[in-house]
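Got the viewer open and a hand on the mouse? Let's take a walk through this model, one selection at a time.

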Amino acid sequence: MPMTNHQELAHVLDRARLDAQPIPPLTRTHPDLTLKDAYAIQAEGVRLRTARGERVIGLKMGLTSEAKRKQMNLDSPVYGVLTQQMQVSAGGVFRLQGFIHPKIEPEVAFRTSRELRGRISREEALDACASVFAAMEILDSRYLDFKYFSLPDVVADNSSSSMFVLGSLERPPRELALAKLDMSMEVNGAAVQSALSSAISGDPILSVVQLCELLAERDEALPAGSIVLAGAATAAHMLQPGDEVRLTVEGLGSVSVSVTR
Ligand code: 0L1
Ligand code: MG
């Protein structure tokens with residue numbers, strides 16, 4: 001697919017997001033859309049955002065847990081881009097207005113202290129991650145009914161990324177048994193999702209390893225200072241006005257967000 005089509009489709013998705021008006025999946029009209037096209041459309045979409053003053057601060061991994069893959073009927077991990085405008089402060093407010101059908105999910109996030117490029121080991125990923133946080137991702141799909149038919153649809157839509165919140169406690173990842181942390185997400189005091197952190201890629205640091213592999217396929221590196229959302233431990237929860245959402249991760253404290261109309 002030519003570059004002009006990538007730009008055109010990126011504009012369509014960007015408009016859908018800005019207007020909060022969902023569109024049919026791209027593969028309805030472009031059934032031959034490849035994953036390569038989809039990452040090119042995603043990159044064009046990010047260019048539109050940075051041209052308006054947003055700054056890229058990291059990446060998200062998606063579909064890293066069996067529960068998520070089952071929920072969305074998709075079969076392999078994907079990544080998306082995070083900008084500073086997508087961050088909600090810890091304990092802050094998320095306003096539903098301007099979003100389409102947002103859902104929230106329990107994650108952990110890393111901050112890298114040096115560039116990572118190509119195939120790396122678990123140990124190299126750990127060496128390059130200065131800190132780990134409890135985190136929640138607020139997903140929103142720009143597609144009607146949060147439905148798409150394939151990975152290219154999701155990837156073109158920046159892997160459904162929308163907003164995210166990081167806990168205020170950051171710890172060096174080697175201080176924790178990263179794959180054995182209890183994670184529990186409550187809404188208005190009632191537990192809605194819980195899992196062990198091993199539900200994230202078997203071990204959340206492996207999301208960083210996989211992300212580097214996905215980036216290497218596009219000759220890209222993970223820059224120093226990046227935030228990496230490692231992916232959800234459970235299925236996502238649909239947000240309603242009045243929800244007070246709190247995630248507690250063993251050893252990483254709690255992070256919360258209040259949802260308003
Ligand atoms: O972060 C995620 O796991 C989401 C990736 C895309 C699938 C979805 O829209 O839920
Ligand atoms: Mg996620």
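Which residue in E15 is the bridge partner of Arg246? Select Ser256, and you have found the partner. Before going on, some ground rules: this is a predicted model, where local features need pLDDT of at least 70, side-chain atom pairs count only at pLDDT 80 or more, and totals for chains, interfaces and linings use all residues. Residues are numbered from 1 along each chain as its sequence is written, chains are lettered from A and ligands numbered from 1 in the order in which they are written, and side-chain values use heavy atoms, with hydrogens and water left out.

**Stop 1: the sheet**

Colour strand E14 (residues 244-249) and E15, which run antiparallel and are joined by six bridges. Here, strands are DSSP runs of E with at least two residues, helices are runs of H or I with at least four, and both are numbered from the N terminus. Two strands pair if DSSP finds at least two bridges between them.

Now click Val249, whose bridge partner in E15 is Gly253. The hairpin of E14 and E15 has three residues between the strands, and in it Gly251 takes a positive phi near 85 degrees.

Next, add strand E4 (residues 93-95), which pairs with strand E15 (residues 253-260) in the parallel sense over three bridges. Arg95 is a handy marker: Thr260 in E15 stands opposite.

Show the whole open sheet of five strands, in the order E4-E15-E14-E9-E10, with mixed pairing. E4 and strand E10 (190-196) are at the edges with a single partner strand each, so one side of each has no neighbour in the sheet. From one strand to the next, the twist averages 20 degrees; axes are lines fitted to C-alpha atoms, for helices over the stretch in contact, and angles run from 0 to 180 degrees between N-to-C directions.

**Stop 2: the magnesium ion**

Select ligand 2, a magnesium ion, together with Glu105, Glu107 and Glu137. These are its protein donors, through OE atoms lying 2.0 to 2.1 Å from it. Donors are N, O and S atoms within 2.8 Å of the metal (3.2 Å for Na, K and Ca), and water is not among the atoms, so sites may look incomplete.

Along the chain, the donors follow the spacing E-x1-E-x29-E. Glu105 lies in strand E5 (residues 103-112) and Glu137 in strand E7 (residues 129-139), so the pair ties together parts that are 32 residues apart in sequence.

Is Glu105 buried or exposed? With 2% relative accessibility, Glu105 counts as buried, and Glu137, at 1%, counts as buried too. Buried means under 20% relative accessible area, exposed over 50%, and partly exposed in between (1.4 Å probe, protein chains only).

**Stop 3: the pockets**

Turn on the surface and go to the largest pocket, with a volume of about 450 Å³. Ala43, Tyr79, Val81, Leu215 and Glu220 are the closest to its centre, out of 23 lining residues. On a 1 Å grid over the protein atoms alone, a pocket is an open set of points with protein on both sides within 12 Å along at least five of seven lines, while a cavity is a set where a 1.4 Å probe fits but cannot get out; lining residues have an atom within 4 Å of a point. Grid points are joined across faces, edges and corners, and a volume is the space filled by probe spheres set on the points.

Highlight H3 here: its eight residues are the largest share of the lining of the largest pocket.

The second largest pocket has a volume of about 210 Å³. Of its 13 lining residues, select Arg17, Arg49, Gln85, Gly98 and Phe99, the closest to its centre. Strand E8 gives the most to this lining, with three residues.

**Stop 4: the cavities**

How many cavities of 30 Å³ or more are there? The count is two. The largest has a volume of about 150 Å³, and 13 residues line it, with Arg17, Gly45, Ala156, Asp157 and Asn158 nearest its centre. H3 supplies five residues, the largest share of that lining.

For the last selection, visit the second largest cavity, which holds about 100 Å³ of space. Leu63, Lys68, Leu139, Tyr148 and Ser160 are the closest to its centre among the 16 residues that line it. H4 gives the most to this lining, with three residues.
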